[in-house]
Every structure is written in structure tokens, then in C-alpha cells.
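This report describes the fold of one protein for a reader new to structural biology. Please examine the sequence and the structure shown below before reading on.

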Amino acid sequence: MTDSIKRTSLLFTLPSFTLFLCATCFSHQAFTQQTYDQQTPDQQASAQQNTTQKNKTHQQKTQNSPAQIFKVVNEDGSVTYTDTPPPNAETVELDIKTRNVVSAIKTPKTQKVQVKKKKPNYSVSIASPAPEATLRDNAGNIVIKAEQNSAVKAPLYRLIFDGAPVKSNSSGIFKLEGVHRGAHNYKVELTNNTGKTLASSSTQTLYLHQASVFINNN
């Protein structure tokens with residue numbers, strides 16, 4: 001009879017205690033919400049930021065903390081390792097060197113490849129007169145013609161006659177007057193508009209003959 005009375009009393013007591021706990025939790029939640037509502041927007045934002053930071057810190061600690069390993073010696077003397085702590089288990093402390101820690105691979109910086117521009121390949125040659133040519137003109141008139149052989153064309157030709165620049169033009173045809181008889185060396189260069197030499201022909205020699213005034217034509 002006494003046990004029956006105790007069980008009946010316990011049945012009435014447990015619901016009351018449960019209602020007390022619920023009421024306490026509700027009151028704490030209502031108090032917390034009221035306190036939060038009374039804060040300024042800046043204070044509410046600061047509180048939310050602190051809560052978020054605490055959650056991140058806790059999460060990082062949880063992720064960084066290694067799992068515990070337990071050692072169990074069985075009845076037959078064999079040893080079992082587990083991460084679930086059974087009765088009479090011994091905690092195994094792992095050396096930090098045995099943990100699998102992989103350093104992040106550094107991504108190499110992308111290097112810009114500089115493409116060098118190819119310089120134009122200029123070329124020029126003398127079309128006439130032929131090398132070692134002999135010319136006869138009493139007035140000393142000579143015509144020298146040059147031409148470009150490359151796909152890229154230079155804007156100007158320059159005639160170097162007997163070691164000195166004589167004329168420049170865009171046609172490559174040079175007409176000389178009053179040249180003295182004898183051997184003369186010459187070449188033709190290609191230049192840009194500022195006079196810079198871009199290419200040069202080989203040096204050639206011509207021979208100019210003139211009739212002597214002392215020769216009797218009779």
C-alpha cells in the first residue's frame with residue numbers, strides 16, 4: 001500500500017516539475033527577447049556579430065581538435081583501437097607528427113610571355129650597270145638603278161658614290177652628270193624617313209671611258 005501511494009505521488013510530482021521547467025525556459029526566453037528588443041540597432045548588430053564570432057570559434061576548435069583514440073586489451077591479449085570509449089579503455093595520445101597535415105600547394109604566379117616583334121628584313125641590289133661594267137660617255141653621264149628584293153619595302157634609296165652620299169629618292173634611279181673618267185666605286189642603301197640605314201647593296205665598280213680631246217678625228 002505504501003509503494004502504491006509513493007508511485008501515485010510521483011506521477012503527480014513529475015508533471016508539475018515538467019511544467020515548472022517549461023515555464024522557467026519560457027520566462028528566460030521571453031526575458032532574453034525583451035532585452036534584445038530594448039537594445040539599439042547598433043547594439044543588436046554587435047550582439048549578433050559576437051554570437052556569430054563565437055559560433056565560428058567553436059566550429060574551428062571542433063574541426064582542429066583531433067579525434068580521441070582508445071586502446072582496449074581483450075581477454076585473449078589482443079589489442080583493439082577504437083574512437084568509441086568502451087569500459088576500461090585507455091586513451092591513446094597521438095604524437096603531433098603522426099597526424100595527417102598537408103600544406104596547401106602554392107599556386108605559381110602566371111608569367112606574362114613577351115612576344116618579340118620580328119624586325120623587317122630589308123634587301124636591296126643594283127640592277128644596272130653590271131659589276132665591273134665599262135661605260136663610254138664623253139659628257140660623263142651615268143644612270144644607276146637599284147631595286148628592293150624583300151616583301152617589306154623601305155621608303156627611300158640613297159646612292160653612295162666614291163664613298164660619299166650623293167642623292168636620295170624613292171624610285172631607286174640615279175642620274176649622274178659630269179662624272180670624270182676612270183674607276184668609280186658605288187653602292188645603294190635603303191633608309192627610313194629619318195635617314196637611318198635599313199639595308200645596303202654590295203659595293204660595285206664601274207669604269208667610265210671618255211674620248212681624249214687630243215685624238216685627231218681626221
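In what order do the three strands of the open sheet lie, and is their pairing parallel or antiparallel? The model under discussion is a predicted one. In it, three strands form an open sheet in the order S4-S6-S9, and they pair in the antiparallel sense. Strands S4 and S9 are the edges of this sheet, since each of them pairs on one side only. From one strand to the next, the twist averages 25 degrees. As background, the strands of a sheet are held in pairs by backbone hydrogen bonds, in either a parallel or an antiparallel manner.

**Overall composition**

The protein contains two helices and twelve strands. Along the sequence, these elements follow the pattern α-α-β-β-β-β-β-β-β-β-β-β-β-β. The protein has 218 residues, of which 17% count as buried. Its accessible surface comes to about 18100 Å², and 54% of this area belongs to carbon and sulfur atoms. Among contacts between residues at least 6 apart in sequence, 52% join residues at least 24 apart.

**Strand pairs**

Within the open sheet, S6 and S9 are antiparallel and are joined over four bridges. One example of bridge partners is Val143 with Lys175, the latter in S9. A further antiparallel pair consists of S7 and strand S8 (residues 164-169), which are linked by five bridges. Here Ile160 stands opposite Pro165 in S8. S7 and S8 form a hairpin with two residues between them.

**The nonpolar core**

Which residues touch the most other members of the largest nonpolar core? This core has 18 residues, and the three in question are Ile144, Leu159 and Val188. The elements that give two or more residues to the core are strands S4 (124-128), S6 (142-148), S7 (156-161), S9 (173-176), S10 (182-191) and S12 (204-209). Val188 illustrates how distant parts of the sequence meet: apart from its neighbours within four places in sequence, Val188 is in contact with residues including Val124, Ile126, Ala146, Leu159 and Phe174.

**An aromatic pair**

A search of the whole structure finds one aromatic pair. Its members are Phe161 and Tyr186, which are stacked, with 6.5 Å from centre to centre and 25 degrees between the planes. Because Phe161 lies in strand S7 and Tyr186 in strand S10, the pair ties together parts that are 25 residues apart in sequence. Phe161 has a relative accessibility of 10% and therefore counts as buried. Tyr186, at 1% relative accessibility, also counts as buried.

**Loops and backbone features**

Where is Pro129 placed? Pro129 is in the loop between S4 and strand S5 (133-136). The peptide bond that leads from Ser128 to Pro129 is cis, with omega near 0 degrees. Glu132 lies in this loop between S4 and S5 as well. Neither Glu132 nor Asp162 is a glycine, although each has a positive phi. Partly exposed residues have between 20% and 50% relative accessible area, so Glu132 at 48% falls into this class. Asp162, in the loop between S7 and S8, is also partly exposed. The table sets out the values for these two residues.

| Residue | Loop | Phi | Relative accessibility |
|---|---|---|---|
| Glu132 | between S4 and S5 | about 60 degrees | 48% |
| Asp162 | between S7 and S8 | about 55 degrees | 42% |

Methods
Residues numbered from 1 in each chain as written. Predicted model: local features only at pLDDT ≥ 70, side-chain atom pairs only at ≥ 80, totals over all residues. Heavy atoms only, no water. Core = buried A, V, L, I, M, F, W, Y, C linked by side-chain atoms within 4.5 Å. Buried < 20%, exposed > 50% of the residue type's maximum accessible area, 1.4 Å probe, protein only. Contact = heavy atoms within 4.5 Å. Pairing = 2+ DSSP bridges. Axes fitted to C-alpha atoms, helices over the stretch in contact; angles between N-to-C directions. Phe/Tyr/Trp six-rings, centres within 6.5 Å; stacked < 30°, edge-to-face > 60°. Areas by Shrake-Rupley, 256 points an atom, 1.4 Å probe, with all protein chains shown as cover.
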